[in-house]
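Trainee: Hi! Could you walk me through this one? I'd like to chat about charges and cysteines.

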Amino acid sequence: MHCPYCQHDDTRVIDSRESDDGASIRRRRECAACGERFNTFETAEIKLPAVIKNDGRREAFSERKLRTSFDSALHKRPVSIEVVDDAVRAVIDELRKSGERELPSRQIGELVMRALKKIDQVAFVRFASVYRSFEDVQAFREEIERLERDLPVIEGLQLPLLGDAAGIARKR
C-alpha cells in the first residue's frame with residue numbers, strides 16, 4: 001500500500017480491527033519513509049446484479065442510490081441510522097442471494113417497499129406514492145387502507161399512519 005502523504009510504497013500494519021457489523025476490517029498503517037499514520041478499510045467485493053431500468057437500459061447496482069431512496073422516504077421520520085443501515089444491508093443481501101446477473105429495477109423497488117413497510121408506515125407511503133405513481137387521492141387512500149389491513153399499527157413500535165384523523169374519518 002502506498003503512503004497517501006509521500007507515496008512511498010512500504011507501509012506496515014500497526015493494528016487491525018473488525019468493524020461492529022463484521023463486514024469490514026480497519027487497518028492502522030504507518031509509512032516506513034515519513035512515519036505518517038493512516039487508516040485503510042478492507043471489505044469484501046461482492047458482485048451484485050446489474051439493474052435493468054424501465055426503458056431497457058442496464059446499469060451497475062449502486063448502494064448509494066439505494067441508500068438515497070431510504071433516506072428520502074425516511075426524511076424527518078424518527079428512524080435511527082442503524083435501522084436504515086440494517087435495511088440497506090438486508091436489501092443487498094436479498095439481491096446477492098437471488099443469484100441473478102440482472103434484475104429489473106421494479107423488483108429492487110419492491111424489496112425497498114417491503115423493508116419500509118416494516119420500518120415506518122409513513123415512509124412506506126411516501127416511497128410507494130412516487131414508485132407506483134399514484135394518479136389521485138383515491139389511489140393514496142386505497143394504499144393506506146391496504147397498509148392498515150396488512151400491517152396494523154403495533155403500539156410503541158411505529159407512529160400511527162394518520163393519527164387521530166384516521167379514527168375521525170372512519171366514524172363519519
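Mentor: Happy to; we'll go through cysteines, salt bridges and a surface patch, and keep in mind that this is a predicted model.

Trainee: Cysteines to start, then. How many disulfides does a search of the whole structure find?

Mentor: Zero disulfides turn up in the whole structure. As background, a disulfide is a covalent bond between the sulfur atoms of two cysteines.

Trainee: Why does Cys3 have no such bond?

Mentor: The closest cysteine sulfur to that of Cys3 belongs to Cys34, and at 3.8 Å it is too far for a bond. The cut-off for a disulfide is 2.5 Å between the sulfur atoms.

Trainee: And which cysteine sulfur is closest to the one in Cys34?

Mentor: That would be the sulfur of Cys31, at 3.8 Å, again too far for a bond.

Trainee: Are Cys3 and Cys34 buried or exposed?

Mentor: Cys3 is buried, because its relative accessibility is 0%. Cys34 is partly exposed, with a relative accessible area of 36%.

Trainee: New topic! How many salt bridges are there?

Mentor: The search finds 14 salt bridges in the whole structure. In general, side chains of opposite charge can pair when their charged atoms come close.

Trainee: What does Asp120 pair with?

Mentor: Asp120 forms a salt bridge with Arg77, and their closest N and O atoms are 2.9 Å apart. This pair links distant parts of the chain, 43 residues apart: Asp120 sits in the loop between α3 and α4, and Arg77 in the loop between α1 and α2.

Trainee: Buried or exposed, those two?

Mentor: Both Asp120 and Arg77 are buried.

Trainee: What about Arg89 and Asp86, where do they lie?

Mentor: Both are in helix α2, three residues apart, which is about one turn of the helix. Their side chains meet in a salt bridge of 2.7 Å, N to O. Arg89 is partly exposed at 34% relative accessibility, and Asp86 is partly exposed too, at 44%.

Trainee: Got another pair for me?

Mentor: Sure: Glu30 and Arg37 meet in a salt bridge of 3.4 Å. Glu30 is buried, with 17% relative accessible area, whereas Arg37 is partly exposed at 41%.

Trainee: Which residues are linked in a network of salt bridges?

Mentor: Lys53, Asp55, Arg57, Glu59 and Lys65 are linked that way.

Trainee: Last one: which residues form the negative surface patch?

Mentor: Glu135, Asp136, Glu142 and Glu145 form that patch. Glu145 lies in helix α5, residues 137-150, and is partly exposed because its relative accessibility is 38%.

Technical notes
Residues are numbered from 1 along each chain as its sequence is written. This is a predicted model: local features need pLDDT of at least 70, side-chain atom pairs count only at pLDDT 80 or more; totals for chains, interfaces and linings use all residues. Side-chain values use heavy atoms; hydrogens and water are left out. Patches are made of residues with over 30% relative accessible area and no salt bridge: like charges are joined within 9 Å, nonpolar side chains (Val, Leu, Ile, Met, Phe, Trp, Tyr) within 5 Å. Accessible areas come from the Shrake-Rupley method with a 1.4 Å probe; for residues, only the protein chains shown count as cover. A salt bridge is a side-chain nitrogen of Lys or Arg within 4 Å of a carboxyl oxygen of Asp or Glu. Lys and Arg count as positive and Asp and Glu as negative; His and the chain ends are not counted. The place of a charge is taken as NZ of Lys, CZ of Arg, CG of Asp or CD of Glu. Helices (H or I, at least four residues) and strands (E, at least two) are DSSP runs, numbered from the N terminus. Buried means under 20% relative accessible area, exposed over 50%, partly exposed in between (1.4 Å probe, protein chains only).
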